[in-house]
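Here are my notes for you on this model, point by point. Keep the viewer open while you read.

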Amino acid sequence: IAVKGTLLEILDNLRTNDNLKALNNSSRDKLIATAFAIESSPIESYQSESLRSVKLSDDYLVEDSILIVDTLDGMGTGFYTKPYHVLSNQHVVEDAEFVNLRNMNGEEFTGEVVDTDIATDLALIKVTKRGIPLKFADSCKVQRRENVFTVGHPKGYEYSTSRGIVSSIRTMPNPFYKAVGSRTYIQTDASISSGNSG
């Protein structure tokens, strides 16, 4: 039986749909119980489809996935990779265990820094407010001279965009931590300043 609509509409259909009268009481009860289990399960278990529909909506802006990361030493940028996880730079959070975050609507909430990697300069933050993950390409096929843009908060000018091109793709030692060995870097000429990091 095909039933369309939101989960709440589906639950209502399960209770009242005439087509379901053909099922015996036991089968109908199991169907309703399964639907209720989905409704009450953690959001991460079924988030991908619901969030994909938001991403493809005309109302979605890339800024909806991007956050301001505030620390005692300054500010940076982060973006949702999962509904409750944000990626930023390690040098933005430094040694902080918790950071304050703010979205484009001005809503403020907190995040716990759950992991950092100095070699890749990445920090993973678990946040208290659900967000829309930024969509990643299946593979990195970036080439020189491609157009790129940045979104961040340079010198406190929140949600600023700058544009540039991919200048080069280089494999070289980490300029700050040579002990971690060589990494591949994408060099761009897009204008960035303190506050864009992340």
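1. Start with R102. At 16% relative accessibility, R102 counts as buried, because the cut-off for that label is under 20%. Keep in mind as you go that this is a predicted model. R102 sits in strand β4, and its side chain meets that of E158 in a salt bridge, with 2.4 Å from N to O. This pair links distant parts of the chain: R102 is in strand β4, while E158 is in the loop between β7 and β8, 56 residues apart. Unlike the buried label on R102, the label for E158 is partly exposed, with a relative accessible area of 39%.

2. Which other residue forms a salt bridge with R102? Look at D70: its closest contact with R102, N to O, is 3.1 Å. D70 belongs to strand β1 (residues 66-71) and R102 to strand β4, so this salt bridge ties together parts that are 32 residues apart in sequence. D70 counts as partly exposed, at 26% relative accessibility. Put the two pairs together and you get a network of salt bridges that links D70, R102 and E158.

3. How many salt bridges are there in the model? The count comes to three. One of them is between the side chains of K129 and E107, at 3.6 Å from N to O. K129 is in the loop between β6 and β7, and E107 is in the loop between β4 and β5 (108-117), so the pair ties together parts that are 22 residues apart in sequence. Both ends get the label partly exposed: K129 has 27% relative accessibility, and E107 has 34%.

4. Now step back to the sheet. Six strands close into a barrel, and the order to trace is β1-β2-β3-β6-β5-β4, with antiparallel pairing. On average, neighbouring strands of this sheet are turned by 40° against each other, if you ignore direction. Try following that order on your screen, one strand at a time.

5. For one pairing in detail, pick β3 and β6. Strand β3 (residues 85-88) and strand β6 (residues 122-127) run antiparallel and are joined by four bridges. Which residue of β6 is the bridge partner of H85? That would be K126. Also in strand β6 you will find L122, which counts as partly exposed at 34% relative accessibility. L122 and H91 are 31 residues apart in sequence, yet their C-alpha atoms are 7.9 Å apart in space.

6. Next, have a look at S162, in strand β8. Is S162 buried or exposed? With 16% relative accessibility, S162 counts as buried. Its side chain makes a polar contact of 2.5 Å with the side chain of T150. A polar atom of the S162 side chain also lies 2.6 Å from the backbone oxygen of S191.

7. Two backbone angles deserve a comment. Most residues other than glycine have a negative phi. E94, which is not a glycine, has a positive phi near 50°. You will find E94 in the loop between α4 (90-93) and β4 (98-102), and E94 is partly exposed, with a relative accessible area of 39%. The other case is K155, with a positive phi of about 55° although it is not a glycine. K155 lies in the loop between β7 (147-152) and β8 (160-173). With a relative accessible area of 67%, K155 is exposed, because that value is over the 50% cut-off.

8. Last, the surface. Which residues form a nonpolar patch there? I118, F176 and Y177 do, and together they have about 340 Å² of accessible area. F176 lies in the loop between β8 and β9 (182-188). F176 is exposed, with a relative accessible area of 69%. Colour these three residues of the patch in your viewer and see how they sit on the surface.

Conventions. Residues are numbered from 1 along each chain as its sequence is written. This is a predicted model: local features need pLDDT of at least 70, side-chain atom pairs count only at pLDDT 80 or more; totals for chains, interfaces and linings use all residues. Side-chain values use heavy atoms; hydrogens and water are left out. Helices (H or I, at least four residues) and strands (E, at least two) are DSSP runs, numbered from the N terminus. Buried means under 20% relative accessible area, exposed over 50%, partly exposed in between (1.4 Å probe, protein chains only). Patches are made of residues with over 30% relative accessible area and no salt bridge: like charges are joined within 9 Å, nonpolar side chains (Val, Leu, Ile, Met, Phe, Trp, Tyr) within 5 Å. Accessible areas come from the Shrake-Rupley method with a 1.4 Å probe; for residues, only the protein chains shown count as cover. A salt bridge is a side-chain nitrogen of Lys or Arg within 4 Å of a carboxyl oxygen of Asp or Glu. Two strands pair if DSSP finds at least two bridges between them. Axes are lines fitted to C-alpha atoms, for helices over the stretch in contact, and angles run from 0 to 180 degrees between N-to-C directions. A polar contact is a pair of N or O atoms within 3.5 Å; within protein, one must be able to donate a hydrogen and the other to accept it, and residues adjacent in sequence count only if both atoms are side-chain atoms.
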